[in-house]
Amino acid sequence: MTRKVRVGVVGVGHLGSLHAKMFSEMQEVEFKGVFDIQGERSKLVATEFGVRQYRSYGELLEDVDAISIATPTSTHSEVASKALETKVHAFIEKPLTETVDEADRLVQLARQNNVMIQVGHVERFNPALLALEKYNLNPMFIESHRLAQFNPRGSDVPVVLDLMIHDIDIILSLVNSPVANIDANGVAVVSDSADIANARIKFRSGCVANVTASRISQRKMRKMRLFQRDAYISIDFSEGTAEVFRLVDASDSSANATMLLGQIGAGARKRNIVYEQPEIKEINALKYELELFVKAIQTGERPVVSAEDGKRALQVAQEIIARIQDQQFRL
Ligand code: NAD
């Protein structure tokens, strides 16, 4: 039997308290305790889940194999470095760090100390996206919208780092080609950094992603549309649903279409236009990503969202922020 993984959580605000809840429910985990610079927060969460409230981060690190870091983004680099230096595996909430240099240093520290980092890009585990695994996704045009109502939490960083980075990470996982060019625009409407941003990311393969994120919208929306040869796929991350419209050979009986929309083609090659709603499994994305983190520690396998993935998403996000700043200097 594999040994339980001893886990702690540092930073038990909004998201960290959810991490604590998830770990408290896992068979494979010995949940040791929590630390937060606000003693009241850690006391509350430690009491709720019946674990130890640590008085210092150092003491918590001595007692665990792995730490989950849900402190503000500006502190990730420092908090994660301490863990990696003491040979503790780290789950780090997204974005991995604030700067690419900090991300580079964490990648190096993890290698030197032979420990693993997983980054909290939780949308990769959204059941609507997981339901598309059986399709051969190879989009050539992507349109995404992630719109939220204003919430001061997260507004310490531009909307690109807070919200858009989810879509950037997903797009980079779908498009197997280097980024060739980025164009971007954004406006700081209520905070000191861009609250709404749009980027056009062009890949060397010719694929283009048009990505919009806003934290000053009236209504919430989290949608991505993928267009590729023979298929159009629409994903609703908020609703947890996906729709697929595709062309299949009329003789292909494997297509499990909900609806036949029509037929095109002449002669021997007739093709059906089919509409499918892939079956969506009931998955708690946060719990699933943390379970996979624990499993990766037990098996030594590469985590689904590695530090390198987190760094790539951050590099693209920082380039978008730089393009937005260039455009503001021209005004
Ligand atoms: P929050 O402000 O609610 O919580 C942060 C907590 O960290 C606070 O309790 C604070 O006291 C504590 N803290 C600050 N510095 C600390 C330190 N050095 N050591 C220990 N504790 C410290 O913030 P939040 O909304 O929970 O966000 C935390 C992180 O999670 C951010 O990086 C954010 O980007 C990320 N996040 C990710 C998602 C997602 O969808 N994956 C959603 C929300 C937030």
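Let me start with valine 189, which is partly exposed in this predicted model, because its relative accessible area comes to 49%, and the exposed class begins only over 50%. Valine 189 sits in the loop that links strand 8, residues 179–187, with strand 9, residues 196–203. It also belongs to a nonpolar surface patch of about 470 Å², to which Phe150, Val187, Val190, Ile196 and Ile216 contribute as well.

From that loop we can follow the chain through strand 9 and on to strand 10, and here I would ask you to look at how strand 10 is placed among its neighbours. Strand 10 covers residues 208–214, and six of its seven residues are buried, so the strand is largely enclosed by the rest of the structure. With strand 9 it pairs in the antiparallel sense, over seven bridges, and within strand 10 it is valine 211 that stands opposite alanine 199. Strand 7, residues 141–147, is joined to strand 10 by seven bridges too, but these two strands run parallel, and there glutamate 143 stands opposite asparagine 210. Strands 9 and 10 form a hairpin with four residues between them, and in that hairpin glycine 206 takes a positive phi near 105°.

Now, which backbone angles deserve a second look elsewhere in the chain? As background, most residues other than glycine have a negative phi, and most peptide bonds are trans. Against that, lysine 87 has a positive phi, near 60°, and its place is in the loop between helix 4, residues 76–85, and strand 5. A little further along, the peptide bond from lysine 94 to proline 95 is cis, with omega near -10°, and proline 95 lies in the loop between strand 5, residues 89–93, and helix 5, residues 100–112. Asparagine 114 likewise has a positive phi, near 55°, in the loop between helix 5 and strand 6, the latter being residues 117–120. Asparagine 114 counts as exposed, because its relative accessibility is 68% and the cut-off is over 50%.

Let me finish with the overall division of the chain. The domain assignment gives domain 1 as residues 5–122, and domain 2 as residues 125–284 together with 317–329. How far apart do the C-alpha centres of domain 1 and domain 2 lie? The separation between those centres is 30 Å, and the contact between the domains takes ten residues from domain 1 and eleven residues from domain 2.

Technical notes:
Residues are numbered from 1 along each chain as its sequence is written. This is a predicted model: local features need pLDDT of at least 70, side-chain atom pairs count only at pLDDT 80 or more; totals for chains, interfaces and linings use all residues. Side-chain values use heavy atoms; hydrogens and water are left out. Patches are made of residues with over 30% relative accessible area and no salt bridge: like charges are joined within 9 Å, nonpolar side chains (Val, Leu, Ile, Met, Phe, Trp, Tyr) within 5 Å. Accessible areas come from the Shrake-Rupley method with a 1.4 Å probe; for residues, only the protein chains shown count as cover. A salt bridge is a side-chain nitrogen of Lys or Arg within 4 Å of a carboxyl oxygen of Asp or Glu. Buried means under 20% relative accessible area, exposed over 50%, partly exposed in between (1.4 Å probe, protein chains only). Two strands pair if DSSP finds at least two bridges between them. Domain bounds come from an automatic or database domain assignment. Contact means heavy atoms within 4.5 Å.
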